[in-house]
Amino acid sequence: MKMKQKQRKYGIIFLSIILITGIIVSVNLYKKILSSNVSLKNGEQETYFCIPTGAGYNDVIKRLKKKDYIIDIQSFKWVAEKKKYDRYVQAGRYRIKDGMNNNELVNMLRSGDQEPINLTINNIRTKSKLASKVSKQIEADSAKLLKLLNDNDFLEQYDFNKNTVYAMVLPDTYELWWNTTAKDFMSRMHKEHDRFWDKEKRKKAENINLSPVEVSTLASIVDEETIKNDEMPKISGVYINRLRKGMRLQADPTVKFAVGDFTIKRVLNKHLEIDSPYNTYKNSGLPPGPINFPSKKSIISVLNYEEHDYLYFAAKPDFSGYHNFSKTHYQHIRNAQKYQQALNEERIWR
């Protein structure tokens, strides 16, 4: 009888030990898997963590340690390896929230559930500026992107070249993955270009005897001529009139592009003598390509140009940003002299 009581007592003790051990193990597992293990600094509620293309599991661990997001890196590694994340590392930009647990974090990284970025392209004149701005927001290297923008062999597949590629990249806001490559970026821009240039716009371009690239080239000049959206169709009409009459465009912005200096306030005679296909004072017709990345609104203004008889325009002397328009060269000279006098009074010499 006493033997049975002892056996029962030992059995209860044994079961208790198993139960306690199970509880301890369960608590530890809970802590490893479901307990908060992300603590962001400076009161941040969320941040972004980027994993470069080609990075491996150890690279991710090193980057997490460097960022100091994880409270207990060992527990993260335990969960990550149990879920075989070391086999499924995916590049991308991930949103990490304060208070996330290991299970949530590993599941997000393992599934490649990354956050897109909104890349805004606007008011960009040069390829180098474009490459620099884009590379600051996506993984694509600026040098690689700039090389593609100047690579005629690469651009040939899109029916563009290094002079006309400005027309392919339309300023706007685009949703992209952070790990977009330089080639993927160019491919996306080409798709967006084709989407913008629908049948209606192409038909309008055809009606004014211009190709989409030529429309964009003229639009890039209009963009440089005025900051006033309501004046764009009128200025577009002036250039359309000059093209139809076989007159040289004599557009100051093309000279600035040829010189390589858009900060010039006064285009002087020495600038007009520069030998360049972009100098529309020396060369008839449109230049070889756009002189910036033309805005959609300027392209639309060319397609919907204002019909009138004006052949000239000169900036108003009140520096309002608007222009005086004229039909005769004589009237234009008078308007230009007023503006030149205003520049003199403000002591603006270049």
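Which residues is Phe257 in contact with, once its neighbours within four places in sequence are left aside?

**View A. Surroundings of Phe257 in helix α12 of the predicted model.** Phe257 is placed in helix α12, which covers residues 252-259, and, leaving aside neighbours within four places in sequence, this residue is in contact with Tyr166, Phe262, Tyr278, Pro290 and Ile291. Met189 lies 68 residues from Phe257 along the chain, and the C-alpha atoms of the two are separated by 23 Å.

**View B. Lining of the second largest pocket.** The second largest pocket has a volume of about 180 Å³, and its lining is formed by Thr53, Glu139, Ala140, Asp141, Lys144, Leu148, Asn179, Thr180, Thr181, Ala182 and Lys183. Two elements, α6 (142-149) and α8 (182-196), each give two or more residues to this lining. Sorted by class, the lining residues are three nonpolar, four polar and four charged.

**View C. Thr180, a lining residue in the loop between β4 and α8.** Thr180 belongs to the lining of the second largest pocket and, with a relative accessible area of 9%, is buried, because a residue counts as buried under 20%. When residues up to four places away in sequence are not counted, Thr180 touches Ile138, Glu139, Ala140 and Phe185; of these, Glu139 and Ala140 also line the second largest pocket.

**View D. Phe185 and the largest nonpolar core.** The largest nonpolar core has 56 residues, and those with the most contacts inside it are Ile121, Phe185, Met186 and Tyr239. Leaving aside its neighbours within four places in sequence, Phe185 is in contact with Leu119, Ile121, Val134, Ile138, Leu145, Leu176 and Thr180. Apart from the largest core lies another one, of 23 residues, with Ala55, Ile70, Tyr94 and Leu109 among them. In soluble globular proteins, nonpolar side chains tend to be buried together.

**View E. Strand β3 and its pairing with strand β4.** Along strand β3, which spans residues 117-121, the side chains alternate, with Ile117, Leu119 and Ile121 pointing to one face and buried, whereas Asn118 and Thr120 point to the other face and are not buried. In a regular strand the side chains alternate between the two faces of the sheet. Strand β4, made up of residues 172-176, pairs with β3 in the antiparallel sense over five bridges, and within β4 the bridge partner of Ile121 is Asp172. Ile121 and Leu119 from the buried face of β3 are both among the contacts of Phe185.

**View F. Trp177 in the loop between β4 and α8.** Trp177 counts as partly exposed, at 46% relative accessibility, because this value falls between the 20% limit for buried residues and the 50% limit for exposed ones. Not counting residues up to four places away in sequence, Trp177 touches Gln114, Glu115, Pro116 and Ile138. Gln137 is 40 residues from Trp177 along the chain, and their C-alpha atoms are separated by 9.7 Å.

**View G. Glu192 in helix α8.** Although charged by class, Glu192 counts as buried, at 15% relative accessibility. Its contacts, with neighbours within four places in sequence left aside, are Leu170 and Tyr174, the latter falling within the residue range of strand β4. Glu192 and Tyr57 are 135 residues apart in sequence, and 35 Å separates them in space, C-alpha to C-alpha.

**View H. Lys147 in helix α6.** Lys147 counts as exposed, at 61% relative accessibility, and its helix, α6, is one of the elements that give two or more residues to the lining of the second largest pocket. Between Lys147 and Ala131, which are 16 residues apart in sequence, the C-alpha to C-alpha distance is 9.3 Å.

**View I. Two loop residues with positive phi, Asn42 and Asp159.** Asn42 is found in the loop between α1 (2-33) and β1 (46-51), and its phi is near 60°, a positive value in a residue other than glycine. Asp159, in the loop between α7 (152-155) and β4, likewise has a positive phi, near 65°, without being a glycine. Asn42 is exposed, with a relative accessible area of 79%, and Asp159 counts as exposed at 70% relative accessibility.

Key. Residues are numbered from 1 along each chain as its sequence is written. This is a predicted model: local features need pLDDT of at least 70, side-chain atom pairs count only at pLDDT 80 or more; totals for chains, interfaces and linings use all residues. Side-chain values use heavy atoms; hydrogens and water are left out. On a 1 Å grid over the protein atoms alone, a cavity is a set of points where a 1.4 Å probe fits but cannot get out, and a pocket is an open set with protein on both sides within 12 Å along at least five of seven lines; lining residues have an atom within 4 Å of a point. Grid points are joined across faces, edges and corners, and a volume is the space filled by probe spheres set on the points. Helices (H or I, at least four residues) and strands (E, at least two) are DSSP runs, numbered from the N terminus. A nonpolar core is a set of buried Ala, Val, Leu, Ile, Met, Phe, Trp, Tyr and Cys residues joined through side-chain atoms within 4.5 Å. Buried means under 20% relative accessible area, exposed over 50%, partly exposed in between (1.4 Å probe, protein chains only). Contact means heavy atoms within 4.5 Å. Two strands pair if DSSP finds at least two bridges between them.
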